[in-house]
Amino acid sequence: MTTKTNGYQSNGTAKVTRSEEIDSGERYTYELLVETVEYLKKKVPFAPQVGIICGSGLGSLAETLVNSIEIPYTEIPHFPRSTVKGHAGSLVFGYLSGLPTVVMKGRFHYYEGYPLWKCCMPIRIMKLLGVSHLFITNAAGGLNPKYRVGDIMFVKDHINIMGFAGNNPLQGPNDERFGPRFPPMNQAYNRDIIKLAKKVAHEIGLGDKVHEGVYTCLGGPNFETVAELGMLKMLGADAVGMSTVHEVITANHCDMTVFAFSLITNECVVQYETTQEPNHEEVIDVGKKREGLLKKFVSEILRQIFEKGIHN
Ligand SMILES: O=P(O)(O)O[C@@H]1C[C@H](O)[C@@H](CO)O1
Ligand SMILES: Nc1nc2[nH]cnc2c(=O)[nH]1
């Protein structure tokens, strides 16, 4: 039997969050976010410089942190709740390559019922905590025929499909304390970090597995139809996912230095004559298989970024 709760059908498997967390149309004010930041500052004795968002199945990146402090989202005032498998739902603070870091073990997606500005709330929290460099990771379907499962695509640009329809995390009143009303987005992904990432990938033996490409985000939760993938390909997308774009927009708006990569967890099915189908379990499994190398990759690249002093 199912019962309707807060706009969600709960059949015992789906996690249902508090209605005010999901349904409220009220934007977070600067002052409200400061309350969250004050709470976190009391719990953590250092200010993070680096932020990392873990994609589906990539939460183990948090295990690389030294002297870590883990705080579940459920304990953080005003924080949304994680509802997706492969997104644990906690902030982990610690040191990575000697740098004070905060890792989001679990992100928020539009398909969970959160508006985009709510999905991106943690980015403004990171900014207010002191984060200058944001690493965003995601699991994505490879649309470029050269991409194989397990490959990594450094995101050089994105196509904001949801934005085409007017859905943007910056929609609504603009608070200049975060950034300007009309932020540029043509240099959203730091070019120097992409160059460095390629070099590091070669150094650690990932050289033949990396690409540079264009990511696009659809609202999900369903995977794409063959016709939709055909259209996205024509538009110039190399990988397709359900996150990241709105996070990158929010991070650039508040002047963070951004690096993003996709782990290609499945090859997009672009023909009708096949029994192949993408599924979330496979997505998580690929993340787990790659976790060792990705941990090494992320810590080495961070070390070199700060050694070289790369920022916007
Ligand atoms: O959070 P990310 O973008 O890594 O997760 C992708 C998109 C969906 O949430 C999920 C589909 O398997 O993986
Ligand atoms: N939209 C979308 N998201 C994904 N996340 C992982 N694989 C995929 C995919 O094929 N499509």
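**Figure 1. Polar contacts of ligand 2 in the predicted model.** A backbone N or O atom of Ala139 lies 3.3 Å from a nitrogen atom of ligand 2 in this predicted model. Two side chains also approach nitrogen atoms of the ligand: a polar side-chain atom of Glu224 at 2.5 Å, and a polar side-chain atom of Asn266 at 2.6 Å. On its own, ligand 2 has 280 Å² of accessible area, of which the protein covers 95%.

**Figure 2. The residue shell around ligand 2.** Ligand 2 is surrounded by Ala139, Ala140, Gly141, Phe223, Glu224, Val240, Gly241, Met242, Thr265, Asn266 and Val283. By class, this shell comprises six nonpolar residues, four polar residues and one charged residue. Strands β7, β10 (239–241) and β11 (257–267) each contribute at least two residues to the shell. The greatest contribution is that of β7, which provides three residues. The space that ligand 2 takes up is the largest pocket.

**Figure 3. Polar contacts of ligand 1.** Three residues place polar atoms beside oxygen atoms of ligand 1. A polar side-chain atom of Ser243 lies 2.6 Å from an oxygen atom of the ligand. For Ala139, a backbone N or O atom is 2.8 Å from an oxygen atom of ligand 1. Arg107 brings a polar side-chain atom to 2.9 Å from an oxygen atom of ligand 1. Ligand 1 exposes 340 Å² when taken alone, and the protein buries 96% of that area.

**Figure 4. The residue shell around ligand 1.** Ligand 1 sits in the largest pocket. Two elements, strand β7 (133–142) and helix α9 (280–308), give two or more residues each to the shell around this ligand. There are 13 residues around ligand 1, and those that come nearest are Ser56, His109, Tyr111, Ser243 and His280. The shell is made up of five nonpolar, seven polar and one charged residues. Ala139 makes a backbone contact with an oxygen atom of ligand 1 and a backbone contact with a nitrogen atom of ligand 2.

**Figure 5. Helix α4 and the residue that follows.** Helix α4 spans residues 121–129; seven of its nine residues are buried, and the helix is therefore largely enclosed by the rest of the structure. The buried residues of α4 are Met121, Pro122, Ile123, Arg124, Ile125, Met126 and Leu129. Just after the helix, Gly130 takes a positive phi of about 120°.

Methods:
Residues are numbered from 1 along each chain as its sequence is written. Chains are lettered from A and ligands numbered from 1 in the order in which they are written. This is a predicted model: local features need pLDDT of at least 70, side-chain atom pairs count only at pLDDT 80 or more; totals for chains, interfaces and linings use all residues. Side-chain values use heavy atoms; hydrogens and water are left out. Buried means under 20% relative accessible area, exposed over 50%, partly exposed in between (1.4 Å probe, protein chains only). Helices (H or I, at least four residues) and strands (E, at least two) are DSSP runs, numbered from the N terminus. A residue is near a molecule or strand if one of its heavy atoms lies within 4 Å of it. A polar contact is a pair of N or O atoms within 3.5 Å; within protein, one must be able to donate a hydrogen and the other to accept it, and residues adjacent in sequence count only if both atoms are side-chain atoms. Accessible areas come from the Shrake-Rupley method with a 1.4 Å probe; for residues, only the protein chains shown count as cover. On a 1 Å grid over the protein atoms alone, a cavity is a set of points where a 1.4 Å probe fits but cannot get out, and a pocket is an open set with protein on both sides within 12 Å along at least five of seven lines; lining residues have an atom within 4 Å of a point. A molecule sits in a cavity or pocket if more than half of its atoms lie within 2 Å of its grid points. Ala, Val, Leu, Ile, Met, Phe, Trp, Tyr, Cys and Pro count as nonpolar, Asp, Glu, Lys and Arg as charged, and the others, Gly among them, as polar.
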